[in-house]
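Reader: Hi! Could you walk me through this one? I'd like to start with the empty spaces inside.

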Amino acid sequence: MDATVFHFDNSYAQLPERFYASLPPSPVPRPRLIRLNEELARHLGLDPGQLGNESGIEILAGNRVPDGATPLAMAYAGFQFGGWVPQLGDGRAILLGEVIDVDGVRRDIQLKGAGRTPFSRMGDGRAVLGPVLREYIVSEAMAALGIPTTRSLAAVFTGEEIMRETLLPGAVLTRIAGSHVRVGTFQYFSARRDVEALRLLADYVITRHYPELKGAVEPYLALLGAVIDRQASLVADWQLVGFIHGVMNTDNMSIAGETIDYGPCAFMDDFHPETVFSSIDHMGRYAYRNQPSIAHWNLAGFAQTLLPLVSDDQEDAVAKATKVVNTFPERFQAFYAPGLRRKIGLADIREGDDELAQSLLSSMADSRADFTLTFRGLCSLNRARTQADDSVRGLFADGAAFDQWAVRWRQRLASEGRSDLERQTDMRCVNPAFIPRNHLVERVIRAAEDDGNLAPFDELVNVLAAPYEDQPGREWFTSPPRPEEVVKQTFCGT
Ligand code: AMP
Ligand code: MG
């Protein structure tokens, strides 16, 4: 017997059987490691050496169920693009179990692409190389940006060819999450009028993610408020770095408040609020500008599932829950507005700040200025105008519009006590230089898929690990795409 690799402490498997289907991952022919996230492994209390050796890779590919695992596929439902789907569930993911990380936080270890399950419907249960690399890159970039997210512990080749539009190499991603409970998990039981399951699930979530609510007078109402708060904070974080999730269906919204399910997601290059990348989002439902209101809509759906727990009196429950749901816009602003102020270097709060920040965004949109370069560029400007202004001005089709804004900005900066250096250092902590630009992601996927070359993937992951640092010699990674490199559409992982 092998030495224990994971010190499992599984709680989800102790919930009643109707919460999941128990089954092991389906074996694959030739597992081969693509990348192991050694730092994350250590954080999870795992030995990277053990995980990266032959028997560790067998586990990461789903060929061997490690000691202590209770493999299962979770049941959930969801609203997809506004349409109700009563049964989704893990159609190609297997939860091996949970470990407690070095900070004492419980983390799910899940294999994505691990084969068919009772929830697979028409799908083959598998994942292909491109989307696996994409999820690895973007989720790890999000973590480095300081935004709550699921993580990527490892990616492995399966040695199988998977049929999509063409035959593509198969891969498995080991996904780590605070938990995989989604808004759609609650909706699954709500639709079945299974109040007992709803209560068990809500209590589970409170214990796992919101233990401070345990003694609350109205714990389920408090849970609603807490989930709304985390989502408001998360979506504000997305807006502030120009991230577009792409499929904000309720089954892709985590109760723990993490970014989850990196399908057709993308970071914007030039700023436009209507931007949408997903090839399946024809109506622009999940466009950048709609993300806060979609989160609000999803959370209203979450609230509805909690009604029978809030009060036996339906009217009373609705009134109470509605009041909490209605706080979303306010809570969102409470995260977004200070974040935006900080991005333009304001430490104090003054009347007119929001308007000043919004007018920059609207000039950027008119001029199609690059979102990331504009804010990073502002970090180098002094209170007095210098030549450095030209580099930011050059990002705007209408340079005069930037000049006019900069005059107002400098007047506002003059009213603060901070030195240029102090302000610039602070701004560099919230305005990244490096983001996983679409064309960069595409480029490494092409190299991996077409030439079996993983070096560009490794290099990109390494660069994105320090997004707020200037990395001399790597300026190339900060550039927007050339016209012929622009990626207009992204595709689901399926
Ligand atoms: P997603 O678009 O990844 O959020 O997935 C939506 C639903 O489709 C979930 O229930 C997935 O488990 C399921 N699904 C996605 N891809 C596959 C696949 N290749 N095989 C089986 N089920 C899948
Ligand atoms: Mg999903």
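Author: Happy to! This is a predicted model, and the count comes to 3 cavities of 30 Å³ or more.

Reader: Nice. What volume does the largest cavity have?

Author: The largest cavity has a volume of about 70 Å³.

Reader: And which residues line the largest cavity?

Author: Among them are Q231, L234 and W238, then H245, M248 and N249, and also N252, E258 and N298. Helix α7 gives the largest share of that lining, with 3 residues.

Reader: How does the lining of the largest cavity divide into nonpolar, polar and charged residues?

Author: There are 5 nonpolar residues, 6 polar ones and 1 charged one.

Reader: I see a metal in the model too. Which residues coordinate the magnesium ion?

Author: The magnesium ion, ligand 2, is coordinated by N252 through OD1 and by D261 through OD, at 2.0 to 2.1 Å. You have met N252 already, as one of the residues that line the largest cavity.

Reader: Are N252 and D261 buried or exposed?

Author: Both N252 and D261 are buried.

Reader: Let's move on to pockets. How much space lies in the second largest pocket?

Author: The second largest pocket holds about 600 Å³ of space. It is lined by 21 residues, and the closest to its centre are V128, P131, L168, F491 and C492.

Reader: Which helices each supply at least two residues of that lining?

Author: Those are α4, residues 129–145, and α16, residues 438–451. The largest share comes from α16, which gives 4 residues.

Reader: And what classes of residue are in the lining of the second largest pocket?

Author: By class, you get 8 nonpolar, 7 polar and 6 charged residues.

Reader: Good. Now the packing: how many residues does the largest nonpolar core have?

Author: The largest nonpolar core has 125 residues. Y12, F186, I344 and L378 have the most contacts inside it. Helix α7, residues 219–241, supplies the largest share of this core, 14 residues.

Reader: So that helix turns up again. Where does this core lie relative to domain 1 and domain 2?

Author: It lies between them, because domain 1 (12–177) and domain 2 (344–427) both give residues to the core.

Reader: How far apart do the C-alpha centres of domain 1 and domain 2 lie?

Author: The centres of the two domains lie 42 Å apart.

Reader: Switching to backbone geometry, what should I know about phi at F81?

Author: F81 has a phi near 50°, a positive value in a residue other than glycine. For background, most residues other than glycine have a negative phi.

Reader: Where does F81 lie?

Author: F81 lies in the loop between β4 (78–80) and β5 (83–85). At 29% relative accessibility, F81 counts as partly exposed.

Reader: And R193, what is its phi?

Author: R193 has a positive phi of about 50° too, although it is not a glycine. Its place is in the loop between α5 (183–191) and α6 (195–209).

Reader: Is R193 buried or exposed?

Author: R193 is exposed: its relative accessible area is 73%, and the cut-off for exposed is over 50%.

Reader: I have a few single residues on my list. Where is R106?

Author: R106 lies in strand β7, residues 106–112. With 22% relative accessibility, R106 counts as partly exposed. Its C-alpha is separated by 38 Å from that of D270, and the two are 164 residues apart along the chain.

Reader: Next, F332. Which helix is F332 in, α10 or another?

Author: F332 lies in helix α10, residues 328–343. F332 counts as buried, at 7% relative accessibility. From F332 to R92 it is 33 Å, C-alpha to C-alpha, with 240 residues apart in sequence.

Reader: Last one: where is S380 found?

Author: S380 is found in the loop between α12 (371–378) and α13 (388–393). S380 is partly exposed, with a relative accessible area of 38%.

Reader: How far is the C-alpha of S380 from that of D390?

Author: Those two C-alpha atoms are separated by 11 Å, and S380 and D390 are 10 residues apart along the chain.

Reader: Great, thanks for the tour!

Note on methods: Residues are numbered from 1 along each chain as its sequence is written. Chains are lettered from A and ligands numbered from 1 in the order in which they are written. This is a predicted model: local features need pLDDT of at least 70, side-chain atom pairs count only at pLDDT 80 or more; totals for chains, interfaces and linings use all residues. Side-chain values use heavy atoms; hydrogens and water are left out. Donors are N, O and S atoms within 2.8 Å of the metal (3.2 Å for Na, K and Ca); water is not among the atoms, so sites may look incomplete. Buried means under 20% relative accessible area, exposed over 50%, partly exposed in between (1.4 Å probe, protein chains only). On a 1 Å grid over the protein atoms alone, a cavity is a set of points where a 1.4 Å probe fits but cannot get out, and a pocket is an open set with protein on both sides within 12 Å along at least five of seven lines; lining residues have an atom within 4 Å of a point. Grid points are joined across faces, edges and corners, and a volume is the space filled by probe spheres set on the points. Ala, Val, Leu, Ile, Met, Phe, Trp, Tyr, Cys and Pro count as nonpolar, Asp, Glu, Lys and Arg as charged, and the others, Gly among them, as polar. A nonpolar core is a set of buried Ala, Val, Leu, Ile, Met, Phe, Trp, Tyr and Cys residues joined through side-chain atoms within 4.5 Å. Domain bounds come from an automatic or database domain assignment.
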